[in-house]
Amino acid sequence: MDDFLKRKGELYCEDMPISKLVKIHGTPLYIYSRNTILSHYNKIKNAFAELNPLICYSVKANSNLTILRLLAEQGTGLDIVSQGELERGLAVKVPTRCMVYAGVGKTEKEIIAALRAGILMFNVESEPEARLINRVAQKMKTCAQVAFRINPDVDAKTHKYITTGKKENKFGLTIPLAMDLFRSTRRLKHIKPIGVHMHIGSQITSATPYLQAIRRMSKMIAELRREDFDIEYFNLGGGLGIIYNEERPQTANEFAQAVAPLIRPLKCKLILEPGRFIVGNAGILVTEVQYVKRGHLKSFAIVDAGMNDLIRPSLYGAFHQILPVISKRGGKTVLTDVVGPICESGDFLGKDRHLPNLESGDLLAVRSAGAYGMVMASNYNSRPRPAEVLVAGSKAKLIRKREIMAEVLAPELAMLKN
Ligand code: LLP
(Lines give C-alpha, C1' and ligand atoms only; values in the text may rest on other atoms or scores of the structure.)
Protein backbone atom coordinates (compact mmCIF):
# COMPACT_ATOMS: atom_id res chain seq x y z
CA MET A 1 0.00 0.00 0.00
CA ASP A 2 2.78 2.45 0.84
CA ASP A 3 6.48 2.68 1.67
CA PHE A 4 6.23 3.64 5.35
CA LEU A 5 7.12 0.43 7.13
CA LYS A 6 8.65 -0.54 10.45
CA ARG A 7 11.98 -2.33 10.58
CA LYS A 8 13.07 -3.63 13.95
CA GLY A 9 10.57 -1.36 15.63
CA GLU A 10 11.58 1.78 13.81
CA LEU A 11 9.55 3.54 11.12
CA TYR A 12 11.21 4.03 7.75
CA CYS A 13 10.22 5.84 4.60
CA GLU A 14 11.58 3.53 1.91
CA ASP A 15 15.16 2.92 3.14
CA MET A 16 15.43 6.06 5.23
CA PRO A 17 14.82 6.03 9.00
CA ILE A 18 12.33 8.73 9.94
CA SER A 19 14.25 9.60 13.10
CA LYS A 20 17.29 10.47 10.99
CA LEU A 21 15.26 12.97 8.95
CA VAL A 22 13.91 14.52 12.13
CA LYS A 23 17.47 15.01 13.45
CA ILE A 24 18.29 16.97 10.30
CA HIS A 25 15.06 18.85 9.64
CA GLY A 26 13.20 18.99 12.96
CA THR A 27 9.43 18.72 13.48
CA PRO A 28 6.68 19.15 12.43
CA LEU A 29 7.86 17.60 9.19
CA TYR A 30 6.03 16.30 6.12
CA ILE A 31 7.81 13.30 4.59
CA TYR A 32 6.84 11.83 1.21
CA SER A 33 7.84 8.63 -0.54
CA ARG A 34 8.75 8.99 -4.21
CA ASN A 35 8.08 5.32 -4.78
CA THR A 36 4.57 5.46 -3.30
CA ILE A 37 3.69 8.46 -5.45
CA LEU A 38 4.90 6.73 -8.61
CA SER A 39 3.34 3.38 -7.81
CA HIS A 40 -0.06 4.96 -7.20
CA TYR A 41 0.22 6.98 -10.38
CA ASN A 42 1.11 3.79 -12.26
CA LYS A 43 -1.84 1.95 -10.72
CA ILE A 44 -4.23 4.40 -12.35
CA LYS A 45 -2.26 4.59 -15.56
CA ASN A 46 -2.14 0.81 -15.97
CA ALA A 47 -5.74 0.25 -14.91
CA PHE A 48 -6.93 2.64 -17.63
CA ALA A 49 -4.24 1.76 -20.20
CA GLU A 50 -6.78 0.46 -22.73
CA LEU A 51 -8.57 3.83 -22.77
CA ASN A 52 -5.32 5.84 -22.94
CA PRO A 53 -6.63 8.73 -20.81
CA LEU A 54 -5.06 12.10 -20.24
CA ILE A 55 -4.29 11.98 -16.52
CA CYS A 56 -4.50 15.51 -15.15
CA TYR A 57 -3.12 15.31 -11.61
CA SER A 58 -5.18 17.54 -9.33
CA VAL A 59 -2.66 20.13 -8.11
CA LYS A 60 -4.71 21.13 -5.06
CA ALA A 61 -4.06 17.76 -3.38
CA ASN A 62 -0.35 18.47 -3.02
CA SER A 63 1.18 21.29 -5.00
CA ASN A 64 4.83 21.00 -3.97
CA LEU A 65 6.85 21.88 -7.06
CA THR A 66 9.20 18.91 -6.76
CA ILE A 67 6.23 16.55 -6.59
CA LEU A 68 4.59 18.28 -9.56
CA ARG A 69 7.84 17.96 -11.50
CA LEU A 70 8.08 14.27 -10.61
CA LEU A 71 4.58 13.69 -11.98
CA ALA A 72 5.18 15.90 -15.00
CA GLU A 73 8.20 13.73 -15.85
CA GLN A 74 5.80 10.77 -16.03
CA GLY A 75 3.77 12.70 -18.60
CA THR A 76 0.82 13.80 -16.48
CA GLY A 77 -1.22 16.87 -17.26
CA LEU A 78 -2.72 19.03 -14.51
CA ASP A 79 -6.13 19.89 -13.12
CA ILE A 80 -5.77 23.50 -11.91
CA VAL A 81 -8.14 25.85 -10.10
CA SER A 82 -6.28 29.15 -9.83
CA GLN A 83 -3.65 31.30 -11.45
CA GLY A 84 -1.33 30.18 -8.67
CA GLU A 85 -1.75 26.55 -9.69
CA LEU A 86 -1.25 27.54 -13.32
CA GLU A 87 2.02 29.20 -12.36
CA ARG A 88 3.12 26.11 -10.47
CA GLY A 89 2.48 24.04 -13.59
CA LEU A 90 4.40 26.51 -15.74
CA ALA A 91 7.29 26.53 -13.25
CA VAL A 92 7.80 22.80 -13.74
CA LYS A 93 7.15 22.97 -17.49
CA VAL A 94 3.97 20.94 -17.73
CA PRO A 95 2.76 21.40 -21.31
CA THR A 96 -0.11 23.87 -21.10
CA ARG A 97 -2.03 21.82 -23.67
CA CYS A 98 -2.35 19.22 -20.92
CA MET A 99 -3.90 21.58 -18.34
CA VAL A 100 -7.60 21.80 -17.56
CA TYR A 101 -8.95 24.63 -15.44
CA ALA A 102 -11.93 24.09 -13.07
CA GLY A 103 -13.44 26.11 -10.21
CA VAL A 104 -16.58 28.17 -9.72
CA GLY A 105 -14.89 31.54 -9.30
CA LYS A 106 -12.37 32.11 -12.09
CA THR A 107 -11.61 35.84 -12.26
CA GLU A 108 -11.06 37.83 -15.44
CA LYS A 109 -7.37 38.12 -14.60
CA GLU A 110 -7.11 34.36 -14.18
CA ILE A 111 -8.94 33.70 -17.44
CA ILE A 112 -6.56 36.03 -19.29
CA ALA A 113 -3.52 34.29 -17.78
CA ALA A 114 -4.85 30.84 -18.70
CA LEU A 115 -5.70 31.87 -22.26
CA ARG A 116 -2.31 33.46 -22.67
CA ALA A 117 -0.66 30.27 -21.44
CA GLY A 118 -2.72 28.21 -23.90
CA ILE A 119 -4.40 25.68 -21.61
CA LEU A 120 -6.35 22.80 -23.12
CA MET A 121 -9.73 23.89 -21.76
CA PHE A 122 -11.72 25.59 -19.04
CA ASN A 123 -14.20 23.44 -17.14
CA VAL A 124 -17.00 25.99 -17.03
CA GLU A 125 -19.26 25.95 -14.00
CA SER A 126 -21.89 28.64 -14.73
CA GLU A 127 -23.54 30.68 -17.44
CA PRO A 128 -22.00 34.05 -16.43
CA GLU A 129 -18.59 32.39 -16.42
CA ALA A 130 -19.15 31.16 -19.99
CA ARG A 131 -20.07 34.70 -21.05
CA LEU A 132 -17.01 36.18 -19.34
CA ILE A 133 -14.66 33.68 -20.97
CA ASN A 134 -16.26 34.47 -24.33
CA ARG A 135 -15.78 38.21 -23.77
CA VAL A 136 -12.19 37.87 -22.65
CA ALA A 137 -11.33 35.56 -25.54
CA GLN A 138 -12.92 38.02 -27.96
CA LYS A 139 -10.78 40.86 -26.60
CA MET A 140 -7.72 38.64 -26.94
CA LYS A 141 -8.77 37.73 -30.50
CA THR A 142 -8.80 34.06 -29.70
CA CYS A 143 -11.23 31.23 -29.07
CA ALA A 144 -11.33 29.45 -25.71
CA GLN A 145 -11.90 25.70 -25.63
CA VAL A 146 -14.34 24.74 -22.89
CA ALA A 147 -16.06 21.77 -21.33
CA PHE A 148 -19.17 22.27 -19.28
CA ARG A 149 -19.06 20.84 -15.77
CA ILE A 150 -22.20 18.88 -15.14
CA ASN A 151 -23.69 18.47 -11.71
CA PRO A 152 -25.36 15.10 -12.24
CA ASP A 153 -27.15 15.16 -8.85
CA VAL A 154 -25.77 11.89 -7.51
CA ASP A 155 -24.84 11.11 -3.93
CA ALA A 156 -21.16 10.18 -3.75
CA LYS A 157 -21.67 8.90 -0.17
CA THR A 158 -18.75 10.79 1.28
CA HIS A 159 -18.31 13.60 3.82
CA LYS A 160 -20.79 16.41 3.14
CA TYR A 161 -18.01 19.00 2.78
CA ILE A 162 -16.38 17.03 -0.04
CA THR A 163 -19.52 16.00 -1.92
CA THR A 164 -19.73 18.10 -5.06
CA GLY A 165 -22.19 16.43 -7.42
CA LYS A 166 -25.52 16.94 -5.65
CA LYS A 167 -27.98 19.60 -6.68
CA GLU A 168 -27.55 21.49 -3.40
CA ASN A 169 -23.79 21.89 -4.07
CA LYS A 170 -22.39 25.01 -5.70
CA PHE A 171 -20.55 23.09 -8.42
CA GLY A 172 -21.39 22.58 -12.06
CA LEU A 173 -24.55 22.94 -14.13
CA THR A 174 -27.74 20.93 -14.22
CA ILE A 175 -28.09 18.91 -17.39
CA PRO A 176 -30.89 21.13 -18.86
CA LEU A 177 -28.88 24.28 -18.13
CA ALA A 178 -25.75 22.77 -19.65
CA MET A 179 -27.76 21.81 -22.78
CA ASP A 180 -28.92 25.42 -23.10
CA LEU A 181 -25.38 26.64 -22.67
CA PHE A 182 -24.10 24.30 -25.37
CA ARG A 183 -26.75 25.74 -27.67
CA SER A 184 -25.89 29.32 -26.75
CA THR A 185 -22.29 28.73 -27.83
CA ARG A 186 -23.56 28.88 -31.39
CA ARG A 187 -23.85 32.63 -30.68
CA LEU A 188 -20.85 32.96 -28.39
CA LYS A 189 -18.25 32.80 -31.13
CA HIS A 190 -15.21 32.92 -28.87
CA ILE A 191 -15.80 29.77 -26.88
CA LYS A 192 -15.73 26.35 -28.41
CA PRO A 193 -17.30 23.50 -26.45
CA ILE A 194 -15.20 20.38 -26.83
CA GLY A 195 -16.31 18.23 -23.94
CA VAL A 196 -18.15 17.55 -20.72
CA HIS A 197 -16.76 17.42 -17.20
CA MET A 198 -17.91 15.94 -13.91
CA HIS A 199 -16.36 15.70 -10.47
CA ILE A 200 -18.81 14.33 -7.94
CA GLY A 201 -16.74 14.46 -4.78
CA SER A 202 -13.67 13.19 -3.01
CA GLN A 203 -12.74 10.09 -0.97
CA ILE A 204 -15.36 8.06 -2.85
CA THR A 205 -15.02 4.37 -2.10
CA SER A 206 -17.35 2.79 -4.66
CA ALA A 207 -17.85 3.08 -8.41
CA THR A 208 -21.65 3.14 -8.11
CA PRO A 209 -22.18 6.93 -8.00
CA TYR A 210 -19.77 7.35 -10.92
CA LEU A 211 -21.79 4.85 -12.95
CA GLN A 212 -25.02 6.69 -12.16
CA ALA A 213 -23.46 9.98 -13.21
CA ILE A 214 -21.89 8.61 -16.40
CA ARG A 215 -25.23 7.12 -17.45
CA ARG A 216 -26.91 10.50 -17.06
CA MET A 217 -24.15 12.22 -18.96
CA SER A 218 -24.10 9.62 -21.74
CA LYS A 219 -27.71 10.43 -22.57
CA MET A 220 -26.79 14.07 -22.70
CA ILE A 221 -23.83 13.42 -24.99
CA ALA A 222 -26.07 11.46 -27.36
CA GLU A 223 -28.50 14.36 -27.50
CA LEU A 224 -25.70 16.86 -28.07
CA ARG A 225 -24.36 14.78 -30.93
CA ARG A 226 -27.80 14.65 -32.49
CA GLU A 227 -27.62 18.44 -32.43
CA ASP A 228 -24.23 18.23 -34.18
CA PHE A 229 -22.00 19.16 -31.28
CA ASP A 230 -18.58 17.62 -31.44
CA ILE A 231 -17.96 16.11 -27.99
CA GLU A 232 -14.31 15.11 -28.06
CA TYR A 233 -13.54 14.87 -24.34
CA PHE A 234 -15.19 13.19 -21.39
CA ASN A 235 -13.68 14.31 -18.06
CA LEU A 236 -14.53 11.95 -15.22
CA GLY A 237 -12.92 14.13 -12.54
CA GLY A 238 -11.11 12.74 -9.51
CA GLY A 239 -12.38 11.46 -6.21
CA LEU A 240 -11.01 7.94 -5.82
CA GLY A 241 -10.89 7.06 -2.13
CA ILE A 242 -7.91 5.70 -0.23
CA ILE A 243 -7.42 3.75 2.99
CA TYR A 244 -7.10 5.97 6.07
CA ASN A 245 -8.38 3.41 8.53
CA GLU A 246 -10.76 0.60 7.75
CA GLU A 247 -12.19 1.79 4.46
CA ARG A 248 -12.19 -0.80 1.70
CA PRO A 249 -12.18 1.40 -1.38
CA GLN A 250 -12.35 -0.05 -4.85
CA THR A 251 -8.91 -0.57 -6.38
CA ALA A 252 -7.91 1.38 -9.47
CA ASN A 253 -8.41 -1.82 -11.49
CA GLU A 254 -11.88 -2.43 -10.11
CA PHE A 255 -12.78 1.18 -10.80
CA ALA A 256 -11.51 1.05 -14.37
CA GLN A 257 -13.29 -2.25 -15.02
CA ALA A 258 -16.53 -0.81 -13.71
CA VAL A 259 -16.50 2.42 -15.68
CA ALA A 260 -14.81 1.32 -18.93
CA PRO A 261 -17.91 -0.38 -20.41
CA LEU A 262 -19.77 2.93 -20.08
CA ILE A 263 -16.89 5.11 -21.27
CA ARG A 264 -15.80 3.05 -24.30
CA PRO A 265 -19.00 3.53 -26.35
CA LEU A 266 -18.81 7.31 -25.84
CA LYS A 267 -15.84 7.40 -28.21
CA CYS A 268 -14.40 10.38 -26.36
CA LYS A 269 -10.88 11.08 -25.16
CA LEU A 270 -11.04 10.32 -21.43
CA ILE A 271 -9.61 12.76 -18.86
CA LEU A 272 -9.02 11.75 -15.23
CA GLU A 273 -8.21 14.16 -12.40
CA PRO A 274 -6.87 12.08 -9.51
CA GLY A 275 -5.33 13.85 -6.54
CA ARG A 276 -5.67 12.00 -3.24
CA PHE A 277 -5.27 8.57 -4.86
CA ILE A 278 -1.76 9.47 -6.04
CA VAL A 279 -0.36 11.38 -3.06
CA GLY A 280 -2.62 10.63 -0.07
CA ASN A 281 -0.85 7.58 1.29
CA ALA A 282 2.53 8.81 0.05
CA GLY A 283 3.02 11.26 2.90
CA ILE A 284 3.19 11.40 6.68
CA LEU A 285 3.37 14.26 9.14
CA VAL A 286 5.93 13.70 11.88
CA THR A 287 5.46 15.48 15.15
CA GLU A 288 7.20 15.46 18.53
CA VAL A 289 5.40 14.98 21.84
CA GLN A 290 5.94 18.06 23.99
CA TYR A 291 3.99 17.17 27.12
CA VAL A 292 1.79 14.37 28.34
CA LYS A 293 -1.11 15.32 30.61
CA ARG A 294 -2.59 12.34 32.36
CA GLY A 295 -6.27 12.72 33.16
CA HIS A 296 -8.83 10.46 34.82
CA LEU A 297 -10.40 9.27 31.62
CA LYS A 298 -7.55 9.54 29.20
CA SER A 299 -4.18 11.10 28.50
CA PHE A 300 -3.51 14.09 26.32
CA ALA A 301 -0.34 13.91 24.24
CA ILE A 302 0.37 17.52 23.35
CA VAL A 303 2.42 17.52 20.19
CA ASP A 304 4.17 20.23 18.18
CA ALA A 305 1.90 19.89 15.12
CA GLY A 306 -1.56 21.40 15.21
CA MET A 307 -4.63 22.04 13.13
CA ASN A 308 -2.64 24.74 11.34
CA ASP A 309 -0.31 22.02 10.01
CA LEU A 310 -2.95 19.36 9.26
CA ILE A 311 -6.54 20.54 9.41
CA ARG A 312 -8.35 17.43 8.16
CA PRO A 313 -9.16 15.98 11.62
CA SER A 314 -10.52 19.34 12.85
CA LEU A 315 -12.36 20.27 9.68
CA TYR A 316 -13.86 16.96 8.61
CA GLY A 317 -13.44 14.79 11.70
CA ALA A 318 -11.09 12.84 9.42
CA PHE A 319 -9.29 9.82 10.82
CA HIS A 320 -5.53 9.54 10.34
CA GLN A 321 -3.63 6.63 11.84
CA ILE A 322 -1.05 7.76 14.39
CA LEU A 323 1.86 5.59 15.43
CA PRO A 324 5.09 6.05 17.37
CA VAL A 325 8.10 6.40 15.07
CA ILE A 326 10.06 4.13 17.41
CA SER A 327 8.03 1.31 18.93
CA LYS A 328 7.88 1.25 22.69
CA ARG A 329 8.53 -2.01 24.44
CA GLY A 330 5.97 -3.77 26.60
CA GLY A 331 3.49 -1.97 28.77
CA LYS A 332 -0.20 -1.43 28.28
CA THR A 333 -1.64 1.00 25.80
CA VAL A 334 -3.17 4.19 27.13
CA LEU A 335 -6.29 5.86 25.81
CA THR A 336 -4.86 9.08 24.37
CA ASP A 337 -5.98 12.19 22.53
CA VAL A 338 -3.21 13.53 20.34
CA VAL A 339 -3.70 17.29 20.40
CA GLY A 340 -1.88 20.31 19.06
CA PRO A 341 -0.71 23.54 20.69
CA ILE A 342 -3.41 25.74 19.12
CA CYS A 343 -5.88 27.47 21.42
CA GLU A 344 -8.98 25.65 20.20
CA SER A 345 -10.67 22.53 21.49
CA GLY A 346 -11.03 21.47 17.87
CA ASP A 347 -7.25 21.30 17.56
CA PHE A 348 -6.57 17.58 17.56
CA LEU A 349 -4.88 15.07 15.28
CA GLY A 350 -6.50 12.00 16.77
CA LYS A 351 -8.92 11.19 19.56
CA ASP A 352 -9.27 8.13 21.79
CA ARG A 353 -6.28 6.33 20.38
CA HIS A 354 -4.75 3.32 22.06
CA LEU A 355 -1.13 4.41 22.17
CA PRO A 356 1.79 3.29 24.30
CA ASN A 357 2.67 5.32 27.34
CA LEU A 358 4.11 8.40 25.64
CA GLU A 359 6.73 10.77 27.02
CA SER A 360 8.07 14.17 26.00
CA GLY A 361 10.42 13.83 23.07
CA ASP A 362 8.67 10.80 21.52
CA LEU A 363 8.03 11.10 17.81
CA LEU A 364 4.65 10.29 16.29
CA ALA A 365 3.83 9.72 12.62
CA VAL A 366 0.43 10.85 11.36
CA ARG A 367 -0.20 8.70 8.31
CA SER A 368 -1.94 9.36 4.99
CA ALA A 369 -1.13 13.06 5.18
CA GLY A 370 0.19 13.42 1.62
CA ALA A 371 -3.04 14.87 0.20
CA TYR A 372 -4.74 18.01 1.53
CA GLY A 373 -2.13 18.23 4.29
CA MET A 374 0.57 20.81 3.68
CA VAL A 375 -1.54 22.55 1.02
CA MET A 376 -4.14 23.40 3.66
CA ALA A 377 -1.60 24.46 6.31
CA SER A 378 -1.87 27.98 7.67
CA ASN A 379 -0.08 30.39 9.99
CA TYR A 380 -2.84 30.37 12.60
CA ASN A 381 -1.47 31.30 16.03
CA SER A 382 1.49 32.80 14.11
CA ARG A 383 3.07 29.41 13.58
CA PRO A 384 5.44 29.02 10.64
CA ARG A 385 4.52 26.18 8.30
CA PRO A 386 6.45 22.86 8.32
CA ALA A 387 9.24 21.68 6.04
CA GLU A 388 8.72 18.98 3.40
CA VAL A 389 11.10 16.18 2.46
CA LEU A 390 10.95 13.70 -0.42
CA VAL A 391 12.59 10.31 0.08
CA ALA A 392 13.83 8.08 -2.72
CA GLY A 393 15.40 4.83 -1.47
CA SER A 394 18.03 5.75 1.09
CA LYS A 395 18.26 9.35 -0.10
CA ALA A 396 16.19 12.32 1.02
CA LYS A 397 15.79 15.78 -0.38
CA LEU A 398 14.40 18.87 1.31
CA ILE A 399 11.66 20.02 -1.09
CA ARG A 400 10.35 22.93 0.92
CA LYS A 401 12.27 24.82 3.59
CA ARG A 402 10.68 25.25 6.95
CA GLU A 403 9.05 28.67 7.05
CA ILE A 404 10.77 31.08 9.44
CA MET A 405 9.12 33.77 11.55
CA ALA A 406 10.81 36.50 9.52
CA GLU A 407 8.87 35.27 6.44
CA VAL A 408 5.61 35.17 8.37
CA LEU A 409 6.10 38.69 9.69
CA ALA A 410 7.66 40.33 6.61
CA PRO A 411 4.47 41.55 4.85
CA GLU A 412 3.36 43.30 8.05
CA LEU A 413 6.75 44.51 9.27
CA ALA A 414 7.13 46.31 5.96
CA MET A 415 3.92 48.23 6.75
CA LEU A 416 5.21 49.43 10.13
CA LYS A 417 7.78 51.51 8.25
CA ASN A 418 5.04 53.61 6.62
N1 LLP B 1 -11.07 17.56 -9.82
C2 LLP B 1 -11.75 18.57 -9.25
C3 LLP B 1 -12.52 19.48 -10.10
C4 LLP B 1 -11.70 18.74 -7.86
O5 LLP B 1 -12.38 19.74 -7.30
C6 LLP B 1 -10.93 17.85 -7.06
C7 LLP B 1 -10.88 18.00 -5.60
C8 LLP B 1 -10.22 16.82 -7.71
C9 LLP B 1 -10.32 16.70 -9.09
C10 LLP B 1 -9.36 15.83 -6.96
O11 LLP B 1 -10.09 15.06 -6.11
P12 LLP B 1 -9.39 13.81 -5.38
O13 LLP B 1 -8.99 12.82 -6.45
O14 LLP B 1 -8.20 14.30 -4.65
O15 LLP B 1 -10.44 13.29 -4.49
N16 LLP B 1 -9.74 19.00 1.30
C17 LLP B 1 -10.57 17.82 1.16
C18 LLP B 1 -10.71 17.38 -0.28
C19 LLP B 1 -11.22 18.46 -1.21
C20 LLP B 1 -11.29 18.01 -2.64
C21 LLP B 1 -11.52 19.16 -3.55
N22 LLP B 1 -11.57 18.83 -4.96
C23 LLP B 1 -10.02 16.73 2.06
O24 LLP B 1 -9.02 16.96 2.75
O25 LLP B 1 -10.58 15.63 2.12
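I take a polar contact to be a pair of N or O atoms within 3.5 Å. I note at the outset that this is a predicted model.

**Entry 1: polar contacts of the ligand**

I began with Lys 60, where a polar side-chain atom lies 3.3 Å from an oxygen atom of the ligand. I then looked up Ser 202, and found an N or O atom of its side chain 2.4 Å from an oxygen atom of the ligand. For Glu 273, the partner is a nitrogen atom of the ligand, and the distance to a polar side-chain atom is 2.7 Å. I next computed the cover: on its own the ligand has 590 Å² of accessible area, and the protein covers 91% of this.

**Entry 2: the shell and the pocket**

I listed 18 residues around the ligand. Those that come nearest are Ser 202, Glu 273, Arg 312, Tyr 316 and Tyr 372. I sorted the shell by residue class and obtained 5 nonpolar, 7 polar and 6 charged residues. I also checked the space that the ligand takes, and recorded it as the largest pocket.

**Entry 3: the domains**

I looked up how the protein is divided, and noted domain 1 (4-32 + 280-413) and domain 2 (34-277). Domain 1 is thus listed in two segments, 4-32 and 280-413. Taken over C-alpha atoms, the centres of domain 1 and domain 2 are separated by 32 Å. At their contact I found 23 residues of domain 1 and 21 residues of domain 2.

**Entry 4: the ligand and the domains**

Which domains supply the shell around the ligand? I found that domain 1 and domain 2 each contribute at least three residues to the shell.

Definitions and conventions: Residues numbered from 1 in each chain as written. Predicted model: local features only at pLDDT ≥ 70, side-chain atom pairs only at ≥ 80, totals over all residues. Heavy atoms only, no water. Near = heavy atom within 4 Å. Polar contact = N/O pair within 3.5 Å; in protein donor to acceptor, adjacent residues only side chain to side chain. Areas by Shrake-Rupley, 256 points an atom, 1.4 Å probe, with all protein chains shown as cover. 1 Å grid on protein atoms, 1.4 Å probe; cavity = no way out; pocket = protein on both sides within 12 Å on 5 of 7 lines; lining within 4 Å. Sits in = over half its atoms within 2 Å of the grid points. Nonpolar A, V, L, I, M, F, W, Y, C, P; charged D, E, K, R; others polar. Domains from an automatic or database assignment. Contact = heavy atoms within 4.5 Å.
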